[in-house]
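Before we talk, please look over the model below with its aromatic side chains and one of its pockets in mind. My comments are set out as numbered points.

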Amino acid sequence: MIRHLGLTLAAAAVLLGEPLFAIKPETLQAVSAIPAHLAGRFREAIGFEQSEDGQYFVFDRRAHTVYGIDEQQTSVWEIVQIGAEPGRILDPTAFDVAPDGTFVVADAPNGRERIQIFSRVGFRSGGFMMPGRGAPRITLGNVVLNGIGTLRYTGTSIVMSLPETGALIAEYTLQGGIKRSIGTLRPTGHESEPDLHVALNSGFALPDNAGGFFFVFQSGEPIIQRYDSEGHLLFERHVQGREIDPLIAELPTVWPRRRTAEGELPVVTPTVRAAAVDRSGNLWIAFVRPYVYVYDPDGDKIRSLQLQAAGVIAPASLFFGPHGRLLATPGLVEFRAP
């Protein structure tokens with residue numbers, strides 16, 4: 001009946017007088033973690049992913065290195081090392097692994113944004129330079145996240161959030177050509193400040209299981225959108241919940257500015273730290289507060305979670321690997337994802 005009337009569960013709750021988003025947070029307990037004698041080798045592991053054959057990959061931004069770990073978690077080795085030349089990485093910002101173990105890294109030698117594609121053992125198989133220079137967009141603590149902060153690699157294309165192009169989602173071929181642009185920038189009230197307007201339209205562009213995309217805005221008011229395989233908007237949802245109400249209430253209306261090599265730029269902090277789509281097509285969103293919300297493919301909120309390892313963590317990355325496991329940083333921990 002509710003679906004026939006075209007209402008979401010959230011809208012129905014309002015009509016029926018029920019508490020909106022009254023989903024009690026669950027605790028998802030870690031089932032394993034990379035052993036300390038291996039994890040201690042990493043300086044700032046912000047990416048933790050796994051190929052279908054079981055090999056783990058760790059993206060260490062501070063060490064400018066991608067590491068491999070065997071499925072039995074007995075050894076670690078360097079796959080890609082630091083360097084500005086092709087085949088190495090310098091000032092990396094984003095990373096993603098395809099099911100076959102090939103992977104991509106976005107870095108910025110000399111301030112120029114670059115995408116490189118690697119085999120599972122670290123041989124460079126392709127890559128391209130992005131036009132222009134990578135200007136800072138989002139600040140997390142003392143870290144300024146320049147340019148390409150998030151990307152997804154499908155094995156045949158690379159999907160990024162590039163709002164400076166005028167669209168929310170940019171899908172690139174492996175040769176560097178723009179395959180398509182999807183979505184329009186949301187109004188922010190700061191259109192006269194292009195740097196701030198772009199920062200408030202940055203986000204996570206996530207391929208879904210039906211050939212389309214989710215888009216999750218990373219800063220400002222948290223909103224999710226879903227697009228079909230043709231790039232048409234299916235729906236937009238405002239992300240709400242009692243756990244993040246204080247976070248939304250504290251959102252600024254004026255952003256301070258910081259002097260950088262590119263001039264004065266706004267200091268924009270994220271609302272959302274990580275997002276991923278699981279193998280059932282559900283969208284998982286991790287906030288800067290230690291909560292994770294899960295939305296089904298129709299945009300209805302179905303779970304509210306806290307991830308528990310040594311303590312409750314606020315995930316910096318989420319990845320759904322084989323064997324029904326959710327991989328997360330910090331801590332290089334694994335959860336059983338039902």
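The points below take up aromatic pairs, charges over rings, and a pocket.

1. The model is a predicted one, and its local features were taken up only where pLDDT is at least 70, with side-chain atom pairs counted only at pLDDT 80 or more. With ring centres required to lie within 6.5 Å, the count comes to ten aromatic pairs.

2. One of these pairs joins Phe-59 and Phe-95, whose ring centres are 5.3 Å apart and whose planes meet at 25 degrees, and this pair is stacked. Phe-59 belongs to strand β3 (residues 56-60) and Phe-95 to strand β6 (residues 94-97), with the two positions 36 residues apart, and the pair thereby links distant parts of the chain. Phe-59 and Phe-95 are both buried.

3. The rings of Trp-284 and Phe-320 have centres 5.1 Å apart, and their planes stand at 65 degrees, so this pair is edge-to-face; the cut-off for that class is an angle over 60 degrees. Because Trp-284 is part of strand β23 (residues 283-287) and Phe-320 part of strand β27 (residues 317-320), the pair ties together parts that lie 36 residues apart in sequence. Trp-284 has a relative accessible area of 1% and is therefore buried, and Phe-320, at 10% relative accessibility, counts as buried as well; the limit that applies here is under 20%.

4. Phe-59 and Phe-95 also appear in a wider grouping, since one aromatic cluster is formed by Phe-57, Phe-59, Phe-95, Phe-103 and Phe-118.

5. Which charged ends sit over rings? The charged end of Arg-237 is placed over the ring of Phe-235, at 4.4 Å from the ring centre, and that of Lys-301 is placed over the ring of Tyr-293, at 3.5 Å from the centre of that ring.

6. The second largest pocket holds about 510 Å³ of space. It is lined by 21 residues, of which Val-97, Arg-152, Val-277, Phe-319 and Phe-320 are the closest to its centre. Two or more lining residues come from each of β2 (45-50), β6, β12 (151-153), β16 (203-207), β22 (272-277) and β27.

7. Which element gives the most to the lining of the second largest pocket? That element is β27, with three residues, and β27 is also the strand that holds Phe-320 of the edge-to-face pair with Trp-284. By residue class, the lining of this pocket divides into eleven nonpolar, four polar and six charged residues.

Technical notes
Residues numbered from 1 in each chain as written. Heavy atoms only, no water. Phe/Tyr/Trp six-rings, centres within 6.5 Å; stacked < 30°, edge-to-face > 60°. Helix = DSSP H or I, 4+ residues; strand = E, 2+ residues; numbered from the N terminus. Buried < 20%, exposed > 50% of the residue type's maximum accessible area, 1.4 Å probe, protein only. Lys NZ or Arg CZ within 6 Å of the ring centre and 35° of its normal. 1 Å grid on protein atoms, 1.4 Å probe; cavity = no way out; pocket = protein on both sides within 12 Å on 5 of 7 lines; lining within 4 Å. Points joined across faces, edges and corners; volume = space filled by probe spheres on them. Nonpolar A, V, L, I, M, F, W, Y, C, P; charged D, E, K, R; others polar.
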